[in-house]
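Please look at the structure below together with the report that follows. The report turns to the surroundings of a ligand, and after that to aromatic rings and charges.

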Amino acid sequence: MRTEEARPVRLADYRPPDWQVDTVDLDIALDPTATRVRAKLNLRPSADGGPPAPLTLDGEGLVLRSIALDGTALSPEQYVATADRLTIAQPPQGPFALEIETVLDPSANTELSGLYRSGTIYCTQCEAEGFRRITYFLDRPDVMAVYTTRIEATKAQAPVLLANGNLIAAGDIAGTDCHFAVWHDPFPKPSYLFAMVGGNLACVEGRFRTMSGRDVTLRIYVEPGKESRCGHAMASLKRAMRWDETEFGREYDLDIFMIVAVSDFNMGAMENKGLNIFNDKYVLASAETATDADFDRIEAIVAHEYFHNWTGNRITCRDWFQLCLKEGLTVFRDQEFTADLRSRAVERISDVRALRAHQFDEDAGPLAHPVRPAQYHEINNFYTTTVYEKGAEVVRMLKTLLGAQKFRAGMDLYFTRHDGRAATVEEFVQCFADVSSADLAQFMLWYSQAGTPEVVATGSHDAARKSYRLDLVQTVPASPDQPSKEPMVIPLAIGLVGADGRDLPLKLSEGATPDRAVLTLSKPAQSFVFADIAAPPVLSLNRGFSAPIKLVVNQSADELRFLATRDGDAFNRWQAFQTLATQLLVENAKALRTGGTARTESRLTDALRAVLADGTLEPAFVALMLTVPGEADIAREIGRDVDPAAVFAARAGLRARVGGDLGAELLERYGSLAQTGPYAVDAASVGRRSLRNTCLDLLVATGHRDSICLAARQYHAADNMTDRMAALSALSLCDVPERGEALEDFYGRYRGDPLIIDKWFSLQAVIPEPGTLDRIKALTRHGAFSFANPNRVRALIHAFALGNHKEFNRPDGAGYDFVADTVLALDGKNPQLAARLLSAFKSWRVLEPARRQRAHASLMHVAIAYSLSPDVSDIARRALSEN
Ligand code: BES
Ligand code: ZN
């Protein structure tokens with residue numbers, strides 16, 4: 001392994017900048033291989049008096065052409081410029097203007113950070129530290145400046161020129177075939193929010209009148225010919241703008257809001273002020289090209305990036321340790337938006353499923369880190385599910401602890417107190433303390449302690465005293481650099497359910513009865529005694545998943561079945577089923593691993609039959625109830641020495657059993673849910689399709705001929721992508737001739753459309769058969785595949801490593817070797833993408849010994865490779881660390 005390990009950046013070492021930049025004037029002349037950037041920075045010392053501190057600007061791979069201070073060229077002894085740094089040891093005492101000219105090659109930028117080209121389009125990605133690849137700068141979020149950006153290019157190459165803010169001038173450059181545009185953004189912002197775009201783009205326009213009556217122009221720019229696929233993104237944007245006004249009182253602040261869709265993008269989307277840049281996958285949609293899930297995802301991401309305008313842009317982060325301040329909070333906001341627009345229960349269950357499937361595993365493995373990390377080697381590796389999804393849970397707990405009104409008051413205070421500033425997590429939480437007089441000191445542990453807390457709950461009924469006693473014990477597991485932990489503040493929403501399915505009134509024997517039926521556990525062990533409970537109730541704890549914990553309740557299968565059908569809290573109805581099914585699956589996976597056989601449980605399928613028959617339930621909720629816990633859920637419950645093949649077999653067995661036992665009912669529901677009118681994407685139609693396709697999926701899981709034919713028929717007859725993909729995806733799990741035919745047909749239909757061909761790649765990547773690895777290797781040589789495009793790589797390789805547990809974890813280790821080799825091959829061109837792929841190894845330590853040893857060997861193979869990027873070496877080193 002490499003020994004020269006760079007020093008980490010530490011939160012404890014934070015120092016305010018010595019210099020501030022008031023204004024930035026950029027003048028960018030676009031050229032495919034030699035783009036010229038002139039930057040004029042108005043600098044001023046942060047503190048007055050005293051000798052001026054040296055000025056050190058960040059750079060990365062820059063070529064300096066010229067440098068002048070207050071209009072006079074600097075002589076070579078006055079500065080030191082390397083590709084990665086520009087230092088002026090003795091700058092003037094007071095404010096001054098620094099003019100820097102650099103050149104860069106956007107076409108050679110394969111990292112997709114800084115200024116690069118996606119096809120023929122010029123675009124930028126500056127978060128977290130990409131601006132330093134455009135010009136020398138104080139590239140840190142607590143340096144906020146007002147930007148004016150002039151761009152010029154040939155009219156033929158780049159007829160559209162965009163940057164942040166409002167357009168203030170544009171025109172032709174006399175005597176040339178060039179034109180220019182000047183954009184001014186009046187809101188001070190950190191450099192990571194800078195953006196510019198140039199190219200041949202078509203545009204769809206909309207309008208929005210804000211709550212105070214201002215008219216805002218909305219524009220979505222896409223590749224010409226794709227305009228007809230922008231309607232959903234535009235409608236989503238308008239809904240998000242309105243929702244932020246009504247729910248948070250936040251209004252948009254510029255005259256124009258633009259979204260640009262590009263095909264080559266490392267992430268999903270980016271919230272640059274007034275000029276969001278999106279992966280086109282999260283903009284373009286039509287019934288023929290996108291599934292309902294794609295429509296939902298687009299709406300959520302458009303909303304998320306829009307919501308950053310207040311939580312991220314107007315108020316930004318002091319430093320990158322505070323990343324959850326904007327990301328966790330904004331994820332919370334986009335989750336609430338979706339919950340308000342659609343079904344709250346369905347949204348909560350989906351969010352918790354994702355949290356458990358990804359964040360819980362991260363938190364339990366070698367890559368675990370706190371929501372606010374204390375140190376990092378490579379910030380790009382900290383855009384994690386812990387910062388995002390657990391970060392959102394922490395905000396949600398604040399709301400649960402304080403109640404909706406005080407939460408809103410705290411948010412209002414945050415917006416007024418910190419507007420225009422770069423803030424910290426402490427400052428955010430202080431706003432809630434100030435409006436509620438709550439002491440949130442212990443709550444801060446959610447930001448600093450990694451690991452998923454476990455709560456063991458034991459209930460006992462005392463018939464003589466007519467009371468119910470609940471004993472709670474919490475533990476927080478050790479995690480890297482954190483061997484021992486303090487007890488956390490855990491808000492637990494609770495219900496005691498009576499025999500008739502109704503909640504009993506909650507009255508604590510001692511102390512104040514909690515409002516909103518939320519208990520707060522803050523000690524290692526705590527007991528609560530409820531009075532006036534005549535008969536033994538059924539405990540429903542952590543309702544709505546009020547805290548992101550592992551909850552262990554010693555409940556009988558009868559009690560769980562009761563909750564699954566009777567609990568007033570929809571989340572816990574679903575949870576009860578998950579618990580029942582997971583218990584069975586864990587037992588079966590263990591049995592299968594040791595050569596035994598899987599047990600079946602008819603009472604489980606009977607309970608599911610009741611759910612399926614219950615006409616009062618929303619179809620989307622029923623679909624979630626029918627979804628068997630995922631392989632990651634089962635593996636997590638097993639905890640150690642996991643055999644992914646046994647886990648897969650247990651799960652496949654249960655799915656086949658459910659599909660078989662409920663065959664008649666599933667088929668009946670499948671028929672009755674058939675589409676009657678034309679295709680529509682309203683919530684009711686989406687819910688109907690999701691249940692219908694879940695029925696189909698379970699039927700196909702039996703492998704019965706009739707069901708295979710049914711899926712093949714649906715595939716061919718579908719008039720929309722949701723139904724076509726659902727049929728194909730069910731079929732693709734079965735080794736039948738219909739699969740090959742349908743896959744071939746799919747390719748033929750959509751061969752011209754890379755975003756749809758990505759679905760075709762992903763389907764084949766998750767086939768749970770030994771032939772899959774060779775199939776994937778062959779697909780990497782397919783004409784439609786390219787290692788240079790992140791969407792293609794994610795569709796094929798990430799889908800395999802993250803979505804095909806059985807084949808990625810092949811017993812012979814060939815899956816690990818393939819992914820490790822791909823990481824190494826990608827690393828030279830796109831380190832961020834390579835590092836993300838490598839984090840697929842995050843749970844390798846829980847594998848059974850033979851696989852663990854092979855995964856270790858593959859990780860070592862990466863770790864010892866020559867000239868690794870900081871991104872990949874950071875993940876490799878942490879993944880291998882011993883805690
Ligand atoms: N600010 C991020 C984009 C980003 C991430 C830039 C990492 C640089 C490095 C953006 O707001 C974001 O979070 N995007 C998410 C989607 C969102 C809905 C969670 C993404 O790109 O995956
Ligand atoms: Zn974000």
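Around ligand 1 there are 15 residues, of which E127, G268, E271, E305 and Y388 come nearest, where a residue is near a molecule if one of its heavy atoms lies within 4 Å of it. This is a predicted model, in which local features need pLDDT of at least 70 and side-chain atom pairs count only at pLDDT 80 or more, while totals for chains, interfaces and linings use all residues. Residues are numbered from 1 along each chain as its sequence is written, chains are lettered from A and ligands numbered from 1 in the order in which they are written, and side-chain values use heavy atoms, with hydrogens and water left out.

Several polar contacts (pairs of N or O atoms within 3.5 Å) involve this ligand, and the table lists them.

| Protein partner | Ligand 1 atom | Distance |
|---|---|---|
| A269, backbone N or O atom | oxygen | 3.2 Å |
| H304, side-chain N or O atom | oxygen | 3.2 Å |
| K326, side-chain N or O atom | nitrogen | 3.4 Å |

Taken alone, ligand 1 exposes 510 Å², and the protein buries 91% of that, with accessible areas coming from the Shrake-Rupley method with a 1.4 Å probe. The elements that give two or more residues to the shell are β20 (269-270), α2 (292-307) and α3 (323-341), and α2 gives the most, with three residues; helices here are DSSP runs (H or I) of at least four residues, and strands (E) of at least two.

The whole structure holds 37 aromatic pairs, that is, rings of Phe, Tyr and Trp (its six-membered ring) whose centres lie within 6.5 Å, with planes under 30 degrees apart counted as stacked, over 60 as edge-to-face and the rest as tilted. One of these pairs is formed by W310 and F415, which are edge-to-face at 5.7 Å centre to centre, with 80 degrees between the planes. This pair links distant parts of the chain, since W310 lies in the loop between α2 and β22 (316-317) and F415 in helix α6 (residues 404-418), 105 residues apart. Both W310 and F415 are buried, a word that stands for under 20% relative accessible area, against over 50% for exposed and in between for partly exposed (1.4 Å probe, protein chains only).

Which residues form one aromatic cluster? They are W243, F248, Y252, F257, Y306, F307 and F337.

Charges also meet rings: the charged end of R724 sits over the ring of Y715, 5.4 Å from its centre, and K806 lies over the face of F648, at 5.3 Å from the ring centre. A charge sits over a ring if NZ of Lys or CZ of Arg is within 6 Å of the ring centre and within 35 degrees of the ring normal.

Key. Polar contact = N/O pair within 3.5 Å; in protein donor to acceptor, adjacent residues only side chain to side chain.
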